[in-house]
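This report covers a strand arrangement, the cysteines and a surface patch. The sequence and structure come first.

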Amino acid sequence: MSTAERSGTSRTWCPSGSPAAPEAVVLGVRSGQDGEVVYLADPVPARDVLPVVPKDVEPTRVLRFASHCVSDCLHRRGNDCTLVERVAVTPADENRNVPRCHLRAHCKWWAQVGVDGCRRCPALATTVVEGDDLGALVADPRTTREQLDAWMARAETDAPRAAAAPMALGTA
């Protein structure tokens with residue numbers, strides 16, 4: 001059953017959604033040393049999962065949530081998501097298999113940038129981690145393409161810094 005079918009709607013969904021949204025579902029779990037997202041086969045309502053997350057753990061640090069794409073999102077410009085535009089500028093492994101994702105058929109990122117968003121999605125974190133400069137830039141709605149390009153040009157000369165993962169992203 002797809003996320004849209006489970007929620008009874010065919011609205012567009014954000015793969016970096018707020019866990020507090022009434023319709024929010026867990027998209028995946030951050031796993032392993034690299035902290036990449038492992039996607040769930042089926043959506044699980046956030047309201048069923050949040051009560052079991054330890055009080056001292058920020059849920060977005062260990063889980064990725066999806067919720068409806070909303071018009072008052074900080075990352076919204078007209079009908080476009082500026083967050084995925086910034087995400088799509090960042091480096092990606094072109095040989096990476098696109099992960100299976102129950103959200104894809106209704107995903108705003110898929111609709112807007114296609115496979116480029118999917119290739120980057122597993123490496124992204126919702127919570128900005130201290131020292132993740134690229135993640136902080138991507139998550140900030142004020143960041144311009146020129147700022148991202150300048151950061152990546154500097155990172156090419158400083159390979160360990162560019163290899164930092166996961167990269168943070170913002171929520172609605």
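## Sheet and strand β4

Strand β2 (residues 25–31) is joined to β4 by four bridges, and the two run antiparallel. Strands here are DSSP runs of E with at least two residues, and helices are runs of H or I with at least four residues, both numbered from the N terminus. Two strands count as paired if DSSP finds at least two bridges between them. This is a predicted model, in which local features need pLDDT of at least 70 and side-chain atom pairs count only at pLDDT 80 or more, while totals for chains, interfaces and linings use all residues. Residues are numbered from 1 along each chain as its sequence is written, and side-chain values use heavy atoms, leaving out hydrogens and water.

Within the β2–β4 pairing, V26 stands opposite F65 of β4. Strand β1 (residues 13–14) also runs antiparallel to β4, through two bridges. Here W13 has H68 in β4 as its bridge partner.

The four strands make an open sheet with antiparallel pairing, in the order β1-β4-β2-β3. Its edge strands are β1 and β3 (36–45), each of which pairs on one side only.

How enclosed is strand β4 (residues 63–68)? Six of its six residues are buried, so the rest of the structure largely encloses β4. Buried means under 20% relative accessible area, exposed means over 50%, and partly exposed lies in between (1.4 Å probe, protein chains only).

## Cysteines

The structure holds zero disulfides. A disulfide would need a pair of cysteine sulfur atoms within 2.5 Å. Two cysteines are listed below.

| Cysteine | Closest cysteine sulfur | Sulfur distance | Relative accessible area |
|---|---|---|---|
| C69 | C14 | 6.1 Å | 16% (buried) |
| C73 | C14 | 6.2 Å | 16% (buried) |

Why does C69 form no bond to C14? Their sulfurs are too far apart, at 6.1 Å. The sulfur of C73 is likewise too far from that of C14 for a bond.

## Surface patch

V98, W110 and V115 make a nonpolar surface patch of about 210 Å². Patch residues have over 30% relative accessible area and no salt bridge; nonpolar side chains (Val, Leu, Ile, Met, Phe, Trp, Tyr) are joined within 5 Å, like charges within 9 Å. A salt bridge puts a side-chain nitrogen of Lys or Arg within 4 Å of a carboxyl oxygen of Asp or Glu. Areas come from the Shrake-Rupley method with a 1.4 Å probe; for residues, only the protein chains shown count as cover.

V98 sits in the loop between α4 (82–89) and α5 (108–113). With a relative accessible area of 32%, V98 is partly exposed.
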